[in-house]
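The following exercises are to be worked through with the sequence and the model at hand. Each task is followed by a solution in steps.

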Amino acid sequence: IIYGMMDITNMAQGEFMLVGAYTTVLLVNKCGVPFIIAILCGTAATALLGYTCDRIIFRKLYGRSLDSIVVSWGISIMLQQIIYIMFGPDIAGIDTPLGSFKIGNISYSWYRILLMVIAASVVAALAVLFKNTKFGLHSRATMQNREIASTFGVNTYKMNSMTFMLGSALAGLVGALYAPLMGLTPTYGTNFLVESFVTVVVGGANPLAGTVLAGTGLGIVDGSLSILGGTFVGRIGILLIAIVSIRILPKGFSGLVDKRRR
C-alpha cells in the first residue's frame, strides 16, 4: 500500500512489525491485558509510529524511492537498537493460543488456521475500503495522478499520511498476530524482510491485486522448497523467481492485471 500510493520503499516495515509484536507481548505479560485487546493496542501503537514518521521524515521523500530506501533502512536500525537498549536481547513470549490438532502423525496449530482466515478477511476488508469508500476513491485518484487529484480538491498530503498510517497499522497487526509463533528479539523484523521486499517488487504498484498474486505465488514456491531443502533453499528460490518475474513482467503482476483490464 505504501509503495503503490507513495512510491516509497519502506525498509523499516519489519521493525514496525517488531513494535506491534513487542507492544502486544508486553501488555499481555506485564499488564495482564487480554490477548485480543493487546493486539489492537499493538496495531494502534504502530499506526501512531507510522503517522509520526511520515509527518517528520517521509513527507520530504514522496516520489524519491531510492532515497526512501536509505532513510527507512536507517530508521530500521535505529528502532532495533532502541528495542535492544530498552528490553535487552530478547523477552519472554506468549503461548500459542487455541491448541492444535493432528492429521496422522502431523500436528498443526489451530491458531495458524485462524491466521489464514484473518489474512483473507483483511484483504477483503481492504478491497472494500479502496473500492467503496471516499477514502478509497481519493487514494486511487492520488495514486493515478497526484496533480490532477489535487486540482479536484483532494488533499494529497493528507492522503499520503493516512496511507502510511494504514500501511504501518497493518505491519503492527501482523507483528502482533505472529508474536506467539516465534521468539522475540530486536531482529524480529528482519526475518520477514526478504519475503516482503520481494513480494512488493514482484507484485508492483497495485496494493491489492499485485500483492495477493505475488504473495500467493511466492508463498507456494517458498513453502514447497523449504519443505524439500530447508529455509535457505526456499529463500534462494523466491529470489530466483523474483529475478525471472521482473525480467518477464517489468511492472510486476500489477502491470499484467492492468494490461488485462485494458
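**Exercise 1. Cysteines**

Does Cys-41 count as buried, partly exposed or exposed, and what is its relative accessibility? Note that the model is predicted. Then determine how many disulfides there are.

Solution.
Step 1. Buried means under 20% relative accessible area and exposed means over 50%, with partly exposed in between. Cys-41 has a relative accessibility of 34%, so it counts as partly exposed.
Step 2. Apply the same limits to Cys-31. Its relative accessibility is 54%, and therefore Cys-31 counts as exposed.
Step 3. A disulfide is a covalent bond between the sulfur atoms of two cysteines. The cut-off here is a pair of cysteine sulfur atoms within 2.5 Å.
Step 4. For Cys-31, the closest cysteine sulfur belongs to Cys-41 and lies 9.4 Å away, which is too far for a bond. Starting from Cys-41, the closest cysteine sulfur is in Cys-31, again at 9.4 Å and too far for a bond.
Step 5. The count of disulfides is zero.

**Exercise 2. Two residues of helix 2**

Locate Thr-24 and Val-25, classify each by accessibility, and list their contacts.

Solution.
Step 1. Helix 2 covers residues 13-31 and contains Thr-24. Val-25 also lies in helix 2.
Step 2. Thr-24 has 0% relative accessibility, so it counts as buried. Val-25 has a relative accessible area of 1%, so this residue is buried as well.
Step 3. Leave out residues up to four places away in sequence. Thr-24 then touches Phe-35, Ala-38, Ile-39, Gly-42 and Ala-176.
Step 4. With the same exclusion, Val-25 touches Ile-91, Ala-92, Gly-93, Ile-94, Ala-179 and Leu-184.
Step 5. As a distance check, take Val-25 and Val-201, which are 176 residues apart along the chain. Their C-alpha atoms are separated by 31 Å.

**Exercise 3. A hairpin**

Describe how strand 1 and strand 2 are paired, and state where Ser-109 stands in this arrangement.

Solution.
Step 1. Strand 1 comprises residues 100-103 and strand 2 residues 106-109; the two run antiparallel and are joined by four bridges.
Step 2. Identify partners across the pair. Phe-101 has Tyr-108 of strand 2 as its bridge partner, and Lys-102 stands opposite Ser-107 in strand 2.
Step 3. Examine the turn. The hairpin has two residues between its strands, and Gly-104 takes a positive phi near 70°.
Step 4. Ser-109 is part of strand 2. Its relative accessible area is 12%, so Ser-109 is buried.
Step 5. Not counting residues up to four places away in sequence, Ser-109 touches Thr-96, Gly-99, Ser-100 and Phe-101. The C-alpha atoms of Ser-109 and Thr-96 are 8.2 Å apart, while 13 residues separate the two in sequence.

**Exercise 4. Helix 9, helix 11 and a nonpolar patch**

Compare the surroundings of Val-198 and Val-201, then name the residues of the nonpolar surface patch.

Solution.
Step 1. Helix 9 spans residues 193-203 and includes Val-198. Val-201 lies in helix 9 too.
Step 2. Val-198 has a relative accessible area of 5% and is therefore buried. For Val-201 the value is 31%, so Val-201 is partly exposed.
Step 3. Setting aside residues up to four places away in sequence, Val-198 touches Leu-218, Ile-238, Leu-239 and Ala-242. With neighbours within four places left aside, Val-201 is in contact with Ile-246 and Gly-252.
Step 4. Two distances complete the comparison. Val-198 and Lys-158, 40 residues apart along the chain, have C-alpha atoms separated by 28 Å. Val-201 and Ile-243 are 42 residues apart in sequence, and their C-alpha atoms are 9.8 Å apart.
Step 5. Ile-243 belongs to a nonpolar surface patch of about 570 Å², together with Phe-232, Val-233, Ile-236, Leu-239 and Leu-240.
Step 6. Phe-232 lies in helix 11, residues 231-248. Its relative accessibility is 64%, so Phe-232 counts as exposed.

Key:
Residues numbered from 1 in each chain as written. Predicted model: local features only at pLDDT ≥ 70, side-chain atom pairs only at ≥ 80, totals over all residues. Heavy atoms only, no water. Patch = residues over 30% accessible without salt bridge, like charges linked within 9 Å, V, L, I, M, F, W, Y side chains within 5 Å. Areas by Shrake-Rupley, 256 points an atom, 1.4 Å probe, with all protein chains shown as cover. Salt bridge = Lys/Arg side-chain N within 4 Å of Asp/Glu carboxyl O. Buried < 20%, exposed > 50% of the residue type's maximum accessible area, 1.4 Å probe, protein only. Pairing = 2+ DSSP bridges. Contact = heavy atoms within 4.5 Å.
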